[in-house]
Amino acid sequence: MLRTHTCGELRKTHVGQKVTLCGWVRRVRDIGGLVFIDLRDRYGRTQIVLEAESPHINLAKSLSHQDVICVVGTVRARPTDMVNPKMPTGEIEVVLEDLRILNRSKTPPFMIEDEAKVQEETRLRYRFLDLRRPFMQRNLEIRHRAALSVRNFLSSKKFLEIETPFLTKSTPEGARDFLVPSRIHPGKFYALPQSPQIYKQILMIAGYDRYFQIVRCFRDEDLRADRQPEFTQIDLEMSFVDVDDIIELTEEMMVQMFRDAIGVEVDRPFQRMDYYEAMRRFGIDKPDLRYGMELIDLTDLFEGTEHRIVAQAVSKGDRVVALPVPADLSRKEIENLTELAKAEGAGGLLWFKFKDGKPSGQMAKFLPSGWLDVVKPQSPATFLMVLGKDIKAHGVLGKLRVEVAQRLGLVRQGEWKFLWVVNFPLFEWNEDENRIEPAHHMFTMPFEQDIPKLETEPLQVRAKHYDLVLNGVELGSGSIRIHDRELQEKVMEIIGLPKEERERRFGFLLTALEYGAPPHGGIALGFDRIVAMMAGMGSIRDVIAFPKTTAAQALFEGAPSEVPEDQLAELHIKVVK
RNA sequence: GGGGCCGUAGUUCAGCCUGGUGAGAACGCCGGCCUGUCACGCCGGAGGUCGCGAGUUCAAAUCUCGUCGGCCCCGCCA
């Protein structure tokens, strides 16, 4: 070892000891006869001091940002008025006795410190420098601790971590696949897995009743701040369980993860909410419970109103829904939100205000007597109203609710509001393609009592599916799976998969279901998102060492890239220009 | 596939709307001074294909079109 200690560990108790430290020069403060060096590694910072008489003084003065050095010296207590309370090592300093330059650094394009404001493009191009910054090192450490916590926890619960293939079979459902050409089989392709869904079900059938994996998944879709083409899931599956078992296990795991990774104590049990309740109250299937502003249904209130547009809407069965904003919004703000509502598919935004005990604004004169008792408004408040079928109006206001909360600063930081959204419908109606499709995936178990409705009114069938939501972010979802071939085929039939297709694509699963498949279920959690939230980062790129840009490029190494002609030929591939 | 924002010194940004004066600031970098600094301070200095290409114009960082790159969003993501 070139060093005896790290730059973060020396304290008063080490005073008098001779130590050797290695690290990066953060800053040299040359104040004339006295030189201070801030030496840094991922454990912290230590101040090195040299006096004018030191034979190394000139070498020390020549040091610059990010040179890598090795320092031998003696730990000394700082004079009381020179203690730096902002630094963990601020009570001591190391008096330099020997100095070795391990490697000089060119002047980096940006300062290696948290405060440096750098465009993301530059950060990604010089990722090795960006990753050297303390907050990035902290992020990746949180990620490590979170992963370790998951492994420890699940292992203690008798789970086995089992790897599944990356070179697998393409399935046209769901996201676009990344394809890998086969050299041995001309014209054939592997696909990278979107998730190990089928493999983990097969493992259940094989009797590995508790499986998990911290696993990379691949989806060739457009990117977002919280979406990368390759991302990591905590994937787990259990046999002989029902919904509550998976929920309880997941809660325990999350509690331990937050404790181990960031030292936060999360309350259990997590709140649970019916899907339709979430839509009705918050207009979204992943409500952020850190603030109020619950939607109010005013349809009954406006029954028989003289307001022409509202009356028309009510008579044809539309709902009148309002978002109670606890603020006196300006005309400009309302206009702005109206644009947003229109972009979300609403015809427009109706509104009224309540202030100093009386209503005002556009809709005020149409409020029937007694409205105060129904609405019980805060003061001041602005009510934004949308008309629409069923939960359509709710959806628009759900978006506005999130936007308004952010703009008004209503989001309470430092709170962790976990929520299970349960009782989803099994199917959804796809308006564009005019067909029924699974709300999540086709392996989800319907409620037993709803099975008779599968053929008669499939859209009424509820699913044993659950989403885990934290502060308005979907962390993951899971379900109890179908373990019976007949039922599985019936579901496939309902979503319009012909028999040959079912056999061709999912034959190996269907066959396996016939050989003693146990009841089973599980969940998959977005590991990157969880870590991003724990680290307080707005983008998962900040908790992934080497992420892609929004155009799916790796700026540092330069992927994707062209390949030589002969490499293509070997794979039987011709590029069409 | 669509929409929005951005690209000017090593970095972060101002200038652009309303074309014309030597293209500026801060940080960083280089040199000098300074024995208790820790965002050290003070003095001096260097540093620019204004992303790229075309067009309009007597004249373009500034206006127009295209293009490349980054970020955010919609679609998409079972």
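Which strands and which helix each supply at least two residues of the surface near RNA strand B? The legends below begin with that surface.

**Figure 1. The surface near RNA strand B draws on several elements of the chain.** This is a predicted model. Strand S1 (18-30), strand S2 (34-41) and strand S3 (44-51) each supply at least two residues of this surface. Helix H2 (120-125) does so as well. By class, the surface has 14 nonpolar, 15 polar and 18 charged residues. The predictor gives the complex an ipTM of 0.92 and a pTM of 0.94. Chain A averages a pLDDT of 93. In chain A, 100% of the residues score at least 70.

**Figure 2. Five residues come nearest to RNA strand B.** They are Met82, Glu93, Gln119, His440 and Thr550, out of 47 residues around the strand. Look at the RNA side too. Sugar and phosphate account for 55% of the atoms of RNA strand B that come within 4 Å of the protein.

**Figure 3. Polar atoms of the protein meet bases and a phosphate of RNA strand B.** Start with glutamine 47. A polar atom of its side chain lies 2.8 Å from a base nitrogen of RNA strand B. Aspartate 222 also points to a base: a polar side-chain atom lies 2.7 Å from a base nitrogen. Alanine 225 uses its backbone instead. One of its polar backbone atoms is 3.4 Å from a phosphate oxygen of the RNA strand.

**Figure 4. Phenylalanine 166 and phenylalanine 218 form an edge-to-face pair.** The structure holds 13 aromatic pairs, and this is one of them. The ring centres are 5.4 Å apart. The planes meet at 80°, which is over 60 degrees, so the pair counts as edge-to-face. The pair links distant parts of the chain, 52 residues apart. Phenylalanine 166 sits in the loop between strand S6 (160-161) and strand S7 (179-181). Phenylalanine 218 belongs to strand S9 (residues 210-218). Phenylalanine 166 is partly exposed, because its relative accessibility of 39% falls between 20% and 50%. Phenylalanine 218 is buried, because its relative accessible area of 10% is under 20%.

**Figure 5. The largest nonpolar core has 74 residues.** In soluble globular proteins, nonpolar side chains tend to be buried together. Leu154, Met254, Phe258, Phe418, Tyr466 and Ile530 have the most contacts inside this core. Helix H6 (residues 243-262) gives the largest share, 10 residues. A second, separate core has 23 residues, including Leu295, Trp351, Val386 and Val396.

**Figure 6. Four aromatic residues form one cluster.** The members are Phe258, Phe270, Trp416 and Phe418. Phe258 and Phe418 appeared in the previous legend, among the residues with the most contacts inside the largest core.

Key. Residues are numbered from 1 along each chain as its sequence is written. Chains are lettered from A and ligands numbered from 1 in the order in which they are written. Side-chain values use heavy atoms; hydrogens and water are left out. pLDDT is the predictor's confidence in each residue, from 0 to 100. A residue is near a molecule or strand if one of its heavy atoms lies within 4 Å of it. A polar contact is a pair of N or O atoms within 3.5 Å; within protein, one must be able to donate a hydrogen and the other to accept it, and residues adjacent in sequence count only if both atoms are side-chain atoms. Helices (H or I, at least four residues) and strands (E, at least two) are DSSP runs, numbered from the N terminus. Ala, Val, Leu, Ile, Met, Phe, Trp, Tyr, Cys and Pro count as nonpolar, Asp, Glu, Lys and Arg as charged, and the others, Gly among them, as polar. Rings of Phe, Tyr and Trp (its six-membered ring) pair if their centres lie within 6.5 Å; planes under 30 degrees apart count as stacked, over 60 as edge-to-face and the rest as tilted. Buried means under 20% relative accessible area, exposed over 50%, partly exposed in between (1.4 Å probe, protein chains only). A nonpolar core is a set of buried Ala, Val, Leu, Ile, Met, Phe, Trp, Tyr and Cys residues joined through side-chain atoms within 4.5 Å.
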